[in-house]
Amino acid sequence: MAIPDILRAEGDDGTPDSTVPADTASAGTAPESIALAAIGAVTGTTGATGTGLPAPPSEDTEDPLTRVYTCLLARDPARPPAYSADLAAELELPLSRVESAVSALLDMGLLRRTPDRAVLPVAPDEAVQRTLGPLEREMRARRQHMERTREQLMAFMPLYESHLLRLTHLRQAEYVELLTDLRAVREAITELGRTCEREVMTAQPGGGRRAEVLEEAVARDEELLRRGVRMRVLYQHTARFSSGTCAYVERVGRLGAQVRTLDDEFMRMLVFDRSTAVIPVPDDPHAAVLVREPHVVAFMVGAYERLWLEALPFETEWDRQTIMDISDELKQTIVRLLTEGLTDAAIARRLGLSVRSCRRHVADVMAALGAESRFQAGYLLAQQEREQPGP
């Protein structure tokens, strides 16, 4: 027979059918292999032995499997069980085709053999249980194995997450470091200056710097400049009116430092060799943050370069015209901030002025406008802007 019986059909007495091939019975075929082969018989795919199984029954009444199964169902139970030869005669089909159909139906579990090799029909639900039962048990066992394996693997997740957290902290410490003590900040800046090789960028808003701060900075900066490190410093315009700042600029300028000033406020920073930046912590004058993340430092360097292009050189020698130009620029900035509704204290803080100096400049602006109040000054300034011709 071209298609071997892969399900051991039992006879009426419960003993295995003697027609089952010996190699199949002795090979110890696994239940799942039997089930897969039976499914192959149903689906028309190749079975475990590689033999092409017949196509499954269909609605086509000419299909041999359908005709054989229907014929057996229609037989009178009182009649003796049918053999392949009987079915071939009743169906008027070649014996070889009937035997192939019977073999396929046996494989599918839809037929069973009697002890004398006759065949009887089996209910499809019983066939399903016999055919798919081993496969379903195998699938349940595999799912249980998968769940156990999943639990075993996931038991290591807390260890991995702890590793990731530790690695994140290490990377944060590598790229960003918070210094909350003023002494630690000064020591860090001193060390960065000592190891700096190429360039230092400084941005110090807020007007003139305190004498003790300048005294500490000048020795460190002169040592950097003598080593050939390039130094650029940004102040606000108001720093030009600080004698201590002018003295500092004169000393470092003789060694090659470049100093420029801007009218408006900008971010305070120190950048060493374009690789490490020091920035302040808001609302904490004793703290600072060291930033080593390359992309963040590159962004800060780009912002500094744009400010540098807009700034004016810091001249230590008094030049009347330069002072007048800077004074006019300060007044224009004050006018702009007035129109934005800022208070005298906010304007002073932003421009690095004392509140008294800021109020004096505001009074000069109001007198020039002929305004008797800040509200009127703001109105007149806005009116002037509207009346100015466009570009």
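This passage describes the largest pocket of a predicted model and three pairs of packed helices.

The largest pocket has a volume of about 1,200 Å³. Its lining comprises 42 residues, and those closest to the centre of the pocket are Gln204, Arg209, Val213, Arg268 and Pro285. Both helices and strands contribute to this lining. At least two residues each are supplied by helices H8 (182–195) and H9 (211–226), and likewise by strands S4 (199–203), S5 (230–236), S7 (269–272), S8 (276–281) and S9 (284–291). Helix H9 provides the largest share, with six residues. When the lining is sorted by residue class, 24 residues are nonpolar, seven are polar and eleven are charged.

The packing of helices was examined next, beginning with two pairs that have helix H4 in common. Helix H3 (residues 64–74) packs with H4 at an angle of about 100 degrees, and the two axes lie 11 Å apart. Angles of 65 to 115 degrees count as roughly perpendicular, and H3 is therefore roughly perpendicular to H4. On the side of H3, the contact is formed by Arg67, Val68, Cys71 and Leu72, while H4 contributes Leu87, Glu90 and Leu91. Five of these residues are nonpolar and two are charged, with no polar residue in the contact of H3 with H4.

Helix H4 (residues 84–91) also packs with helix H5 (residues 95–108), here at an angle of about 120 degrees and with the axes 9 Å apart. The arrangement of H4 and H5 is therefore classed as oblique, and H4 passes H5 in a right-handed crossing. In this contact, Ser84, Ala85, Leu87 and Ala88 of H4 meet Leu95, Val98, Glu99 and Val102 of H5. The contact of H4 with H5 is made up of six nonpolar residues, one polar residue and one charged residue. Leu87 of H4 thus appears in the contact with H3 and in the contact with H5.

The third pair lies further along the chain. Helix H13 (residues 344–351) and helix H14 (residues 355–369) pack at an angle of about 110 degrees, with a separation of 9 Å between their axes. This angle falls in the range of 65 to 115 degrees, so H13 and H14 are roughly perpendicular to each other. The residues that meet are Asp344, Ala345, Ile347 and Ala348 in H13 and Val355, Cys358, Arg359 and Val362 in H14. By class, the contact of H13 with H14 contains six nonpolar and two charged residues, and no polar ones.

Definitions and conventions
Residues numbered from 1 in each chain as written. Predicted model: local features only at pLDDT ≥ 70, side-chain atom pairs only at ≥ 80, totals over all residues. Heavy atoms only, no water. 1 Å grid on protein atoms, 1.4 Å probe; cavity = no way out; pocket = protein on both sides within 12 Å on 5 of 7 lines; lining within 4 Å. Points joined across faces, edges and corners; volume = space filled by probe spheres on them. Helix = DSSP H or I, 4+ residues; strand = E, 2+ residues; numbered from the N terminus. Nonpolar A, V, L, I, M, F, W, Y, C, P; charged D, E, K, R; others polar. Axes fitted to C-alpha atoms, helices over the stretch in contact; angles between N-to-C directions. Parallel < 35°, antiparallel > 145°, perpendicular 65-115°, else oblique. Left-handed = near helix turned anticlockwise from the far one by under 90°. Contact = heavy atoms within 4.5 Å.
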